Amino acid sequence: MKLKNIKLTIIGFGEIGRGFARVLLEKKRFIEREYEVDLKVVAVCEIGGSIIDEDGIDLEKALKLAENKELRKHENWTSMKALDVIKKVKSDTVLELTPSDIKSGQPGLKHIKESLMKGMHVVTSNKAPLALKFSELQKIANSNKVKLEYEATVGGALPIINLRKHALQINKIESIHGILNGTSNYVLTKMAEEGVTMDVALKEAQEIGIAEADPGYDIKGIDTGAKVAILANSLMDMNVSFNDIEITGIKDITPEAIELAKKHNCVIKLIGDVNRLEVSPRLIPINHPLNVSGAMNAIMINADIAKNITIVGHGAGGIETASSLLSDILDIIS
Ligand SMILES: NC(=O)c1ccc[n+]([C@@H]2O[C@H](COP(=O)([O-])OP(=O)(O)OC[C@H]3O[C@@H](n4cnc5c(N)ncnc54)[C@H](OP(=O)(O)O)[C@@H]3O)[C@@H](O)[C@H]2O)c1
């Protein structure tokens, strides 16, 4: 069987970048057999430089070095930064997996724009560029006849953008709301079930690698707000930016408030409401479909033909989120 070579550039080799590399190694044979493609990573860009090998990087070796924070010891390490790699190393798809800075959208915004303008598809898990500049980025993608895919930006492994694209094509989406941030749900669950303080629960979330680099993003509702903006643009044809979302996080939720909710057979959950462009803590009855625990995400959609759909799944984690990244890549090449 003759395999088609597909070259990938990974920008950002943290929790998500490394999770993607691990899953790519695990699923390599399956992808070759089912899609007749060889997905070759030709560049891995970190903050201080990049590994470049146009014949394909040995990912196992890169992962070992990255685990010991020794990526720069790789024989193909260069001081070339991501933007230069995008300009000089031709790949088919760029994976933009750097941290989300919701104020500026950088560095993701410039990486995504440059990649699209160079005629490369982009698959990203980085919310900020899309939450701030959704329509501008889509226009750049369209005018360069390439795709910008972002399933991993909302709900980690949950197939929400692609559910709409591939299974709810004829539907008008009438409402969307749900739990869109695994860390705040983990924290609220720990507080309710184990009676621990928010600080203790948050520290645990950081230790297991589900919290954002700046956990204030999760707790203050910023991460949920960014996802509400992306869903509003992509699933409900609104033209909004992150700055249009009214946000109240969970940082002021006390153990007393959680106890009071329990007495009324309720839990407190951080809910992103796309119709209302709002993020706020709400009381949810314990037998409600949105009462999911731990780092789980849950999204309720109401569509004109399919009616009510609730999806529940892992909203974070390097391995889980790789499912969405690979789904976007395979979608592009199919
Ligand atoms: N973690 C999750 O479960 C999850 C789920 C869905 C979506 N996301 C999103 O996915 C993105 C990545 O998340 P993560 O958890 O992997 O974050 P992370 O562990 O902090 O990794 C980000 C990586 O990007 C690198 N980086 C920063 N600036 C860079 C630049 N200018 N050029 C190249 N590399 C750069 C960082 O290097 P340094 O460490 O040296 O700064 C780090 O290795 C974020 O936007 C996040 O919101 C995360």
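In which sense do strand β1 (residues 4-11) and strand β2 (residues 37-45) pair, and over how many bridges? Select both strands: the pairing is parallel and extends over 8 bridges. Strands are said to pair if DSSP finds at least two bridges between them. Helices (H or I, at least four residues) and strands (E, at least two) are DSSP runs, numbered from the N terminus.

Before proceeding, please note that this is a predicted model, in which local features need pLDDT of at least 70 and side-chain atom pairs count only at pLDDT 80 or more, whereas totals for chains, interfaces and linings use all residues. Residues are numbered from 1 along each chain as its sequence is written.

**Stop 1: the sheet that contains β1**

Within the β1-β2 pair, display Leu8, whose bridge partner in β2 is Val41. Trace the chain from β1 through α1 to β2; this β-α-β crossover is right-handed. The term right-handed applies if, with the strands pointing away from the viewer, the path from the first strand over the helix to the second runs clockwise.

Next, add strand β5 (residues 93-96), which pairs with β1 in the parallel sense over 4 bridges. Here Ile11 has Glu96 of β5 as its bridge partner.

Now extend the selection to the whole sheet, an open one of 7 strands in the order β4-β3-β2-β1-β5-β6-β7, with mixed pairing. Because β4 (77-78) and β7 (148-149) stand at the edges, each with a single partner strand, one side of each is left without a neighbour in the sheet. At the β7 edge, strand β6 (residues 121-124) pairs with β7 in the parallel sense over 2 bridges, and Val123 has Glu149 of β7 as its bridge partner.

Select helix α4 (residues 108-117), which lies across β1, β5, β6 and β7 and runs at about 155 degrees to β6. Such angles run from 0 to 180 degrees between N-to-C directions, the axes being lines fitted to C-alpha atoms, for helices over the stretch in contact. Two residues are in contact if their C-beta atoms, placed from the backbone, lie within 7 Å.

In the loop between β5 and α4, display Pro107. The peptide bond from Gln106 to Pro107 is cis, with omega near 5 degrees.

**Stop 2: the second sheet**

Select the 6 strands that form an open sheet of mixed pairing, in the order β9-β11-β10-β8-β12-β13. What stands at its edges? These positions belong to β9 (246-247) and β13 (307-314), each with a single partner strand, so one side of each is left without a neighbour in the sheet.

Within this sheet, strand β8 (residues 173-179) and strand β10 (residues 266-273) run antiparallel and are joined by 2 bridges. His177 stands opposite Asp273 in β10. Two helices may then be added. Helix α7 (residues 182-194) packs on the sheet and touches β8, β10 and β12 (296-303), its direction making about 170 degrees with that of β10. Helix α10 (residues 222-235) also packs on the sheet, touching β8, β9, β10 and β11 (278-285), with its direction at about 50 degrees to that of β10.

Move to β10 and β11, which run antiparallel and are joined by 8 bridges. Asp273 has Glu278 of β11 as its bridge partner. The two strands form a hairpin with 4 residues between them, and Leu277 in the turn has a positive phi of about 45 degrees. Asn265, in the loop between α11 (255-263) and β10, likewise has a positive phi, near 55 degrees, and is a residue other than glycine.

**Stop 3: the two domains**

Colour the chain by domain: domain 1 (4-157 + 318-333) and domain 2 (168-314), with bounds that come from an automatic or database domain assignment. Their C-alpha centres lie 27 Å apart. Across the boundary, 19 residues of domain 1 are in contact with 19 residues of domain 2. On the domain 1 side, the elements that give two or more residues are α5 (127-143) and α12 (318-333); α5 gives the most, with 7 residues.

**Stop 4: the ligand**

Finally, centre the view on the ligand, which 27 residues surround, the closest being Gly12, Gly14, Glu15, Ile16 and Ala316. A residue is near a molecule if its C-beta atom, placed from the backbone, lies within 6 Å of it. Helix α1 (residues 15-35) gives the most to this shell, with 3 residues. Why does the ligand lie between domain 1 and domain 2? Both domains give residues to the shell, so the ligand lies between them.
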